[in-house]
Amino acid sequence: MSVRQRVLRSAPLVAFALSVVFLGLSLGGYNPADSPGWGADPLNEPPANPCGPVGAFFAHILFISLGWSSWLLVLGLAVINVLLIGRRSVPDRLGPAIGFVLTLIVSAGFIHRLAPGLTPSPTVGSGGYLGATVAIFLEAYFHLTG
């Protein structure tokens, strides 16, 4: 196989790896006062995020939806990238995908419930909207059952 064919074959994996690194840098530079957010007044202009306005947007969306569990999403994407680079085949993809989504949901709820004061966090709480929803659901469930 020629060098050109190898480069063309591995280009999507390199692009995916760079996307995961970009997402990690965006989350690392999250500031609730950056442009798409509503965590402070006045908003930072330009955004303080090291990845600029695009990174601030992605960090805002992930922190609002998953809170601090968004780091687990980045870790999962990095693991997927390592499996793809190593050309490891996973025979059952649906089971682990469902398990990972459930882990994200539960971790968002736990972070929201057990560590509400983590900073920086969105205004809804450290678990994001998903964590707040799970925490409210569990609180109502345990209130009704005893």
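Is Arg113 buried or exposed? Arg113 is exposed, and its relative accessible area is 53%. Please keep in mind that this is a predicted model.

## The salt bridge of Arg113

Let us stay with Arg113 for a moment. Its side chain meets that of Glu139 in a salt bridge, with 3.6 Å from N to O. Arg113 belongs to helix α4 (residues 94-114) and Glu139 to helix α5 (residues 128-145), so the pair ties together parts that are 26 residues apart in sequence. Side chains of opposite charge can pair when their charged atoms come close.

How many salt bridges does the structure hold under the rule of 4 Å between a side-chain nitrogen of Lys or Arg and a carboxyl oxygen of Asp or Glu? The count comes to one salt bridge.

## The second largest pocket

Both partners of the salt bridge return here: Arg113 and Glu139 are among the residues that line the second largest pocket. The space in this pocket is about 170 Å³. Other lining residues include Val106, Gly109, Phe110, Leu114, Val134, Ala135, Leu138 and Phe142.

Which helices each supply at least two residues of this lining? They are α4 and α5. Sorted by class, the lining of the second largest pocket has seven nonpolar residues, one polar residue and two charged ones.

## Aromatic pairs

There are four aromatic pairs in the structure. One of them joins Tyr30 and Phe63: the ring centres are 4.1 Å apart and the planes stand at 10°, so this pair is stacked. It links distant parts of the chain, with Tyr30 in the loop between α1 (3-28) and α2 (52-66), Phe63 in helix α2, and the two positions 33 residues apart. Tyr30 is buried, at a relative accessible area of 8%, and Phe63 is buried as well, at 1% relative accessibility. The aromatic pair of Tyr141 and Phe142 is edge-to-face, with 5.4 Å from centre to centre and 70° between the planes.

How exposed are the two residues of that edge-to-face pair? Tyr141 counts as partly exposed, at 44% relative accessibility, while Phe142 counts as exposed, at 53%. Phe142 also has a place in the lining of the second largest pocket. Back at the stacked pair, ring pairs link Tyr30 and Phe63 with Trp68 into a cluster.

## Ser70 and its contacts

Phe63 has a further role in the picture, through Ser70. Ser70 lies in helix α3 and counts as buried, at 0% relative accessibility. Which residues does Ser70 touch, not counting those up to four places away in sequence? The contacts are Leu27, Leu62 and Phe63.

## The largest pocket

Helix α3 also matters for the largest pocket, which has a volume of about 430 Å³. There are 14 residues in its lining, and the closest to its centre are Ile80, Leu83, Val90, Arg93 and Pro96.

Which helix gives the most to this lining? That is α3, with seven residues. α3 (70-85) and α4 each supply at least two residues of the lining. By class, the lining of the largest pocket is made up of 10 nonpolar, two polar and two charged residues.

## Loops and long separations

Now for a few places elsewhere in the chain. Glu45 sits in the loop between α1 and α2 and is exposed, with a relative accessible area of 63%. How far apart are the C-alpha atoms of Glu45 and Phe137, which are 92 residues apart along the chain? They are separated by 37 Å. Leu8 has its place in helix α1 and counts as exposed, at 56% relative accessibility. Between the C-alpha atoms of Leu8 and Gly117, 109 residues apart along the chain, the separation is 46 Å.

One backbone detail is worth a look in the viewer. The peptide bond from Thr119 to Pro120 is cis, with omega near -5°. Pro120 lies in the loop between α4 and α5, the two helices that the salt bridge of Arg113 and Glu139 ties together.

Technical notes
Residues are numbered from 1 along each chain as its sequence is written. This is a predicted model: local features need pLDDT of at least 70, side-chain atom pairs count only at pLDDT 80 or more; totals for chains, interfaces and linings use all residues. Side-chain values use heavy atoms; hydrogens and water are left out. Helices (H or I, at least four residues) and strands (E, at least two) are DSSP runs, numbered from the N terminus. Buried means under 20% relative accessible area, exposed over 50%, partly exposed in between (1.4 Å probe, protein chains only). Rings of Phe, Tyr and Trp (its six-membered ring) pair if their centres lie within 6.5 Å; planes under 30 degrees apart count as stacked, over 60 as edge-to-face and the rest as tilted. On a 1 Å grid over the protein atoms alone, a cavity is a set of points where a 1.4 Å probe fits but cannot get out, and a pocket is an open set with protein on both sides within 12 Å along at least five of seven lines; lining residues have an atom within 4 Å of a point. Grid points are joined across faces, edges and corners, and a volume is the space filled by probe spheres set on the points. Ala, Val, Leu, Ile, Met, Phe, Trp, Tyr, Cys and Pro count as nonpolar, Asp, Glu, Lys and Arg as charged, and the others, Gly among them, as polar. Contact means heavy atoms within 4.5 Å.
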